[in-house]
Amino acid sequence: MSEKPFWEGKTCEEMANLHVKVTYVAGAVLTGITDCSGHIRLSRNGSIVPISANRGAERFVPYRDIESIELLDDPEYERIDDIHDVCKGDIFVATNGNRFSVVAVDDDDETDCTLVVMVQAEIPDFHDWMFNSNFAYALRRKPKLPDHDGLWLDKDDNTWTMRDGSVQMTCVGADDWCFTRAWFSPDSVQVLNAAPFRPAKVVEA
């Protein structure tokens, strides 16, 4: 018995703001972000491609000339394929494409259910164990790291400088400035431990 696609039973509103890949029977492929009307918007001036025969609060129903709709991973997330590397706060992606927020982890290797997920966000504390056999992979948001030259603030509001691909902490707290500290690569342990970063505004630096 084939598994249900991730969109089945959802309304067009529930399908909004998802990054999807649409494959047509004729072989054409379209990727984009869905809206609440069952469309993929191609431009800011209103150019759209309808992918659902219904819209809004009605059930999402793909047009007949669509062969499949797949959910694509967000580039701001890293993929985790080992279920034992999944942590609380990650996103559980099931084999049918559905996604759930992980709220607890059981590290016992002998259990068939390692992760507890939030089944329905609109119902507080409605959690359930997921069978490991339903696990496809998990997603974890990548920490925001400095990616261009300039001043950056870390999670503790310390000031860092990025120049020519390297990062240096230049200020700790309000007035402890120092330009002789070591320079690190943006993906070094020292920088990752200080993430997430945000560009510093002139009034903040």
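This passage describes the fold, one three-stranded sheet, and selected salt bridges and loops of a single predicted chain.

The model is predicted, with local features reported at pLDDT of at least 70, side-chain atom pairs counted only at pLDDT 80 or more, and totals for chains, interfaces and linings taken over all residues. Residues are numbered from 1 along each chain as its sequence is written, and side-chain values use heavy atoms, with hydrogens and water left out.

The chain contains one helix and 16 strands; helices (H or I, at least four residues) and strands (E, at least two) are DSSP runs, numbered from the N terminus. Of the 205 residues, 34% are buried, where buried means under 20% relative accessible area, exposed over 50%, and partly exposed in between (1.4 Å probe, protein chains only). The chain exposes about 12,700 Å², of which carbon and sulfur atoms supply 51%; accessible areas come from the Shrake-Rupley method with a 1.4 Å probe, and for residues only the protein chains shown count as cover. Among contacts in the chain with a separation of 6 or more, 45% are between residues 24 or more positions apart, a contact being heavy atoms within 4.5 Å.

Three strands form an open sheet in the order β2-β1-β5, paired antiparallel. The edges are occupied by β2 (29-33) and β5 (66-71), each of which has a single partner strand, so one side of each lacks a neighbour in the sheet. From one strand to the next, the twist averages 20°; axes are lines fitted to C-alpha atoms, for helices over the stretch in contact, and angles run from 0 to 180 degrees between N-to-C directions. Strand β1 (residues 19-24) is joined to β2 by five bridges in the antiparallel sense, and Val20 lies opposite Gly32 of β2. Two strands are taken as paired if DSSP finds at least two bridges between them. In general, strands of a sheet pair through backbone hydrogen bonds, either parallel or antiparallel.

Five salt bridges are present in the structure, a salt bridge being a side-chain nitrogen of Lys or Arg within 4 Å of a carboxyl oxygen of Asp or Glu. Side chains of opposite charge can pair when their charged atoms come close. One of the five joins the side chains of Arg79 and Asp81 at 2.8 Å, N to O. Arg79 is partly exposed, with a relative accessible area of 47%.

A further salt bridge is formed by Arg140 and Asp90, whose closest N and O atoms are 2.7 Å apart. This pair links distant parts of the chain, with Arg140 in strand β11 (residues 135-141) and Asp90 in the loop between β6 and β7, 50 residues apart. Arg140 is partly exposed at a relative accessible area of 24%, whereas Asp90 counts as buried because its relative accessibility is 3%. The two side chains also register as a polar contact at 2.7 Å, defined as a pair of N or O atoms within 3.5 Å; within protein, one must be able to donate a hydrogen and the other to accept it, and residues adjacent in sequence count only if both atoms are side-chain atoms. Residues up to four places away in sequence aside, Asp90 touches Ile80, Asp85, Phe100, Ser101, Val102, Leu139 and Arg140.

The loop that holds Asp90 runs between β6 (77-80) and β7 (91-94), and Lys88 also lies between β6 and β7. Lys88 counts as exposed, at 66% relative accessibility. Leaving out residues up to four places away in sequence, Lys88 touches Val102, Val103 and Val105. The C-alpha atoms of Lys88 and Ala104 are 5.4 Å apart, with 16 residues of separation in sequence.

The side chains of Asp157 and Arg198 also meet in a salt bridge, at 3.0 Å from N to O. Here the linked parts are the loop between β12 (150-153) and β13 (159-163), which contains Asp157, and strand β16 (residues 198-199), which contains Arg198, 41 residues apart. Both residues are partly exposed, Asp157 at 44% relative accessibility and Arg198 at 34%.

Strands β12 and β13 pair antiparallel over four bridges, with Gly150 opposite Met162 of β13. Their hairpin has five residues between the strands, and Asp157 there takes a positive phi near 70°. Strand β12 is also joined to β16, by two bridges in the antiparallel sense. Arg198 in β16 is the bridge partner of Leu153.
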